[in-house]
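Please open the model in your viewer and keep the sequence beside it. The tour below moves from one selection to the next and says what is there at each stop.

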Amino acid sequence: MKDSYDNYLKRFQQWLQDVNDHELKSLQKAFYDFQKELAALGKYSKEQIEDYSYYVKRDIEEFNRLRKAQKENDFANEEFNEEWWLALSHLVDKTQLEWSLLLDDFEHNGVYKQGEWVSFGEFQCKACGEVKHITHPSQLSACIECDAIEFHRIASAP
């Protein structure tokens, strides 16, 4: 399981690097080529081209800032990510996963607390019994029912 996850992360990092090396650089090149074309036309002064470049960069940065802010608060995007992780969790060999998580249970003496990172499973509130379904690495938050901060992991049925 860990090897597969590590391989996935490596492939994902390679993809991001490829995007950076090719797509972003080609976009940047196109922008600079356009600046040269404007200068070659002779209709615009150097100051006008610099102003134009400044405004384009500012608008792109603002668009990126707004996109990030929207993405952070985008419920649909959150829901999509959760569904994607849930689908992946169904592909996992539950028996092997249980064995790997058993060590975590021993380290925690069966008790997980708010703020701790967990990878997968169902975590039951020790105070009220509410169950949190965790499908991907994330931090435990307080219980949504009673605000308690201690949980124990429920073993999955293989």
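Is Cys125 buried or exposed? Select this residue, and you have a buried cysteine, because its relative accessibility is 3%, where buried means under 20% relative accessible area, exposed over 50%, and partly exposed in between (1.4 Å probe, protein chains only). Before going further, keep in mind that this is a predicted model, in which local features need pLDDT of at least 70 and side-chain atom pairs count only at pLDDT 80 or more, while totals for chains, interfaces and linings use all residues. Residues are numbered from 1 along each chain as its sequence is written, and side-chain values use heavy atoms, with hydrogens and water left out.

**The cysteines**

Stay with Cys125 and add Cys146 to the selection: the sulfur of Cys146 is the nearest cysteine sulfur, 3.7 Å away, and Cys125 is in no disulfide. A disulfide is a pair of cysteine sulfur atoms within 2.5 Å, and the structure holds zero of them. Next select Cys143 and Cys128, whose sulfurs are 3.6 Å apart, which is too far for a bond. Cys143 is buried as well, with a relative accessible area of 2%.

**Strand β3 and its neighbours**

Now select residues 121-125, which form strand β3; strands (E, at least two residues) and helices (H or I, at least four) are DSSP runs, numbered from the N terminus. In a regular strand the side chains alternate between the two faces of the sheet. In β3, the covered face has Gly121, Phe123 and Cys125, whereas Glu122 and Gln124 are on the uncovered one.

Add residues 131-134, strand β4, which runs antiparallel to β3 and is joined to it by four bridges; two strands pair if DSSP finds at least two bridges between them. Between β3 and β4 the hairpin has five residues, and there Gly129 takes a positive phi near 90°.

Then add strand β6, residues 150-154, which also pairs with β3 in the antiparallel sense over four bridges. Which residues are the bridge partners of Glu122? In β4 the partner is His133, and in β6 it is Ile154. For Phe123, the bridge partner in β6 is Arg153.

Step back to show the whole sheet, which is open, has four strands in the order β1-β6-β3-β4, and pairs in the antiparallel sense. Its edge strands are β1 and β4, each of which pairs on one side only.

**The salt bridges**

A salt bridge is a side-chain nitrogen of Lys or Arg within 4 Å of a carboxyl oxygen of Asp or Glu, and by this rule the count comes to two. Select Glu150 and Lys113 for one of them, with 3.7 Å from N to O. This pair links distant parts of the chain, since Glu150 is in strand β6 and Lys113 is in strand β1 (residues 112-113), 37 residues apart. Glu150 is partly exposed at 30% relative accessibility, and Lys113 is partly exposed at 39%.

For the other, select Arg58 and Asp59, where the closest N and O atoms are 3.3 Å apart. Arg58 counts as partly exposed at 39% relative accessibility, as does Asp59 with a relative accessible area of 43%.

**Last stop: helix α1**

Finally, select Leu9, which lies in helix α1 (residues 2-41) and is partly exposed at 31% relative accessibility.
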